[in-house]
Structures are given as structure tokens and as C-alpha cells.
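Here are a few exercises to work through with the model open beside you. Try each task before reading its solution.

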Amino acid sequence: MTVAIAVVLGAVIGGLLGLLGGGGSILAVPALVCGVGLGLQQAIPVSLIVVGIAALVGAVPKLRARQIEWRLSAVFSAAGIPATFVGGAVGRLLPESILMFGFAVVMVIAGIRMLANPGSGGTACRTGRSGINWRRCAAFSIPTGFAVGFLTGLFGIGGGFLIVPALVVLLGVDMPIAVGTSLIIIVVNSAAGLISHLGTAPIDWAVTAAFASAATIGSLIAGYLGTDADTGKLQRWFAYLILAIAAYVLCDTLVLT
């Protein structure tokens with residue numbers, strides 16, 4: 001039964017990653033803890049393995065559709081990896097309730113910004129036939145990548161739900177390209193996070209294999225469907241997902257605790 005639950009939840013999370021470029025990582029740990037029954041310390045490395053593999057596979061259709069900005073993903077990753085460790089150090093000094101409340105507030109802001117700017121946003125890294133103006137883009141993408149990495153480390157999540165809004169709203173990247181680029185950044189962040197968590201708890205490889213296999217298939221299917229999806233709808237769906245998760249986190253933090 002545990003493996004069957006892992007398969008169902010893995011397919012859902014993989015589908016979110018492949019279609020929206022994020023959302024899966026923020027749901028993976030709760031799914032593994034509440035749905036599969038793993039302890040938190042067990043769930044974190046399993047989540048990082050599953051999300052990293054699913055994001056990598058989900059990026060394949062984006063690569064074929066040329067919907068990945070490799071240099072932008074490299075800039076984000078290079079700026080974000082050290083910031084992740086800084087955010088993690090700060091997070092260990094703060095009470096969990098404060099972290100969860102701040103986590104929800106960040107999601108609400110990101111969701112509202114995306115709904116208020118359908119199909120539009122910043123222009124620093126806007127893609128087009130002429131490509132990216134890196135003199136202007138680098139000045140925005142480096143601090144944005146650092147900020148995303150810091151928040152990722154602070155809140156202990158993969159960061160896809162932060163990366164896509166940052167690319168779309170702050171930098172002006174088109175939604176389909178933001179999704180593909182986000183998936184590459186998630187792969188790098190997941191690998192770095194996994195290294196930092198190795199040895200903290202034993203890994204349930206049966207659950208990991210079932211979860212990862214389903215997530216991989218879901219991510220691949222959704223990735224192909226998403227290459228031709230309507231940009232405005234993708235952005236709205238992602239914003240609604242962010243707000244829904246934020247509502248759950250706020251409820252859990254303010255009411256249930």
C-alpha cells in the first residue's frame with residue numbers, strides 16, 4: 001500500500017514539475033511524510049532525489065523545443081548555490097513558526113504578482129529573436145538568483161515555485177522558457193541539497209524507486225504537453241497553485257499549531 005501511494009503522489013508531483021517548472025518540490029516532503037509515512041529526516045533526501053530526477057527528465061521536451069536559457073540557468077545556479085547555504089544557516093537560528101509564516105507570505109506575494117501581471121513582467125532578461133542583453137540581464141539575474149537561493153535555503157524547499165515567478169515577473173522571461181530554465185536550476189539545487197543531507201537518515205530505496213519512477217513518467221508526459229500550452233494559462237495555474245499552498249501553510253501555522 002505504501003508503494004502504491006508513493007506511485008500516485010509521485011505521478012502528481014512529476015506532472016507539476018514537467019508542466020509548471022515547479023510546485024513538485026514544495027509538495028514532495030509533505031507527501032512523503034503525510035501520505036507515505038516517512039519521517040521528516042528520511043523524507044528530505046528522498047524528495048531531493050525524486051525531484052532532481054523528475055526535473056531532469058521533464059527538461060528533455062523543453063530542450064528539444066529550445067525552451068531553456070542555459071546561460072541564465074548557469075547564472076542562477078552559480079549565484080544560488082552559495083546563497084542556499086547562507087539561508088540554511090540563518091534558518092537554523094529562527095523558530096519554525098516564523099519560518100513557516102514567512103514562507104507563506106513569500107508565496108502569497110509571488111502568486112499575487114503573477115496574477116496581476118498575466119503574460120508580462122520585467123524586461124531585463126526578456127527573450128526574443130535578438131536573444132538576451134546580458135549587460136542588463138546579469139545585473140538583475142545575479143542578485144535575483146542569490147535571493148532565490150537564500151530563500152530556498154531558508155525555507156528548505158527546492159525553489160521552483162520561487163524561480164518561475166522570479167524569471168517571469170522580475171526578469172521578463174516568457175513563461176515556457178521560464179519553466180524549462182527552472183527545471184535545470186532545480187536539478188542543480190537538488191543535487192547540492194542532497195549532498196548536504198547525505199548520511200542524516202537512512203533512505204527507503206523501495207519508496208524512492210516507486211516515487212521517482214512515477215514522478216519521472218509524469219514529468220515527461222507533462223513536459224511534452226506543456227511545450228505547446230498557452231502561456232497565460234500556465235502562469236495563472238501556477239499562481240493559483242502557489243496561493244493554494246500558501247493558504248494551507250498559513251492555516252497549519254496559525255490555526256493548527
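**Exercise 1. Is Ile81 buried, partly exposed or exposed?**

Start with the ground rules. This is a predicted model, in which local features need pLDDT of at least 70 and side-chain atom pairs count only at pLDDT 80 or more, while totals for chains, interfaces and linings use all residues. Residues are numbered from 1 along each chain as its sequence is written, and side-chain values use heavy atoms, with hydrogens and water left out.

Step 1: get the cut-offs straight. Buried means under 20% relative accessible area, exposed means over 50%, and partly exposed is in between, with a 1.4 Å probe and protein chains only.

Step 2: apply them. Ile81 has 28% relative accessibility, so Ile81 counts as partly exposed.

Step 3: place the residue. Ile81 sits in helix H4. From C-alpha to C-alpha, Ile81 and Gly145 are 8.9 Å apart in space, with their positions 64 residues apart in sequence.

**Exercise 2. Describe the overall fold in terms of secondary structure and burial.**

Step 1: count the elements. The chain has ten helices and zero strands, where helices (H or I, at least four residues) and strands (E, at least two) are DSSP runs numbered from the N terminus.

Step 2: write the order. Along the sequence the pattern reads α-α-α-α-α-α-α-α-α-α.

Step 3: add burial. Of the 257 residues in the chain, 51% are buried.

**Exercise 3. Compare two residues of helix H3 and find their distant partners in sequence.**

Step 1: take Ile53, which lies in helix H3 (residues 40-64). Ile53 is partly exposed, at 36% relative accessibility. Its C-alpha is 6.7 Å from that of Thr216, although Ile53 and Thr216 are 163 residues apart in sequence.

Step 2: take Gly58, which is in helix H3 too. Gly58 is buried, with a relative accessible area of 0%. Gly58 and Ala222 are 164 residues apart in sequence, yet 7.5 Å apart in space, C-alpha to C-alpha.

**Exercise 4. Find the backbone oddity in the loop between H3 and H4.**

Step 1: recall the background. Most residues other than glycine have a negative phi.

Step 2: check Arg66, which is in that loop. Its phi is near 60°, a positive value in a residue other than glycine.

Step 3: check the surroundings. Arg66 is exposed, at 77% relative accessibility.

**Exercise 5. Characterise the largest cavity.**

Step 1: define it. On a 1 Å grid over the protein atoms alone, a cavity is a set of points where a 1.4 Å probe fits but cannot get out, a pocket is an open set with protein on both sides within 12 Å along at least five of seven lines, and lining residues have an atom within 4 Å of a point.

Step 2: size it. The largest cavity holds about 40 Å³ of space, a volume being the space filled by probe spheres set on the grid points, which are joined across faces, edges and corners.

Step 3: list the lining. Phe76, Gly80, Gly145, Val148, Gly149, Thr152, Ile185 and Asn189 line the largest cavity. H4, H6 and helix H8 (175-197) each supply at least two of the lining residues, and H6 gives the most, with four.

Step 4: sort by class. The lining has three nonpolar, five polar and no charged residues. Here Ala, Val, Leu, Ile, Met, Phe, Trp, Tyr, Cys and Pro count as nonpolar, Asp, Glu, Lys and Arg as charged, and the others, Gly among them, as polar.

**Exercise 6. Do the same for the second largest pocket.**

Step 1: size it. About 270 Å³ of space lies in the second largest pocket.

Step 2: list the lining. There are 13 lining residues, and Ala110, Leu162, Pro165, Ala166 and Leu170 lie nearest the centre of the pocket. The elements giving two or more residues to this lining are H5, helix H6 (134-155) and helix H7 (160-170). H7 has the largest share, five residues.

Step 3: sort by class. The lining of this pocket divides into eleven nonpolar, one polar and one charged.
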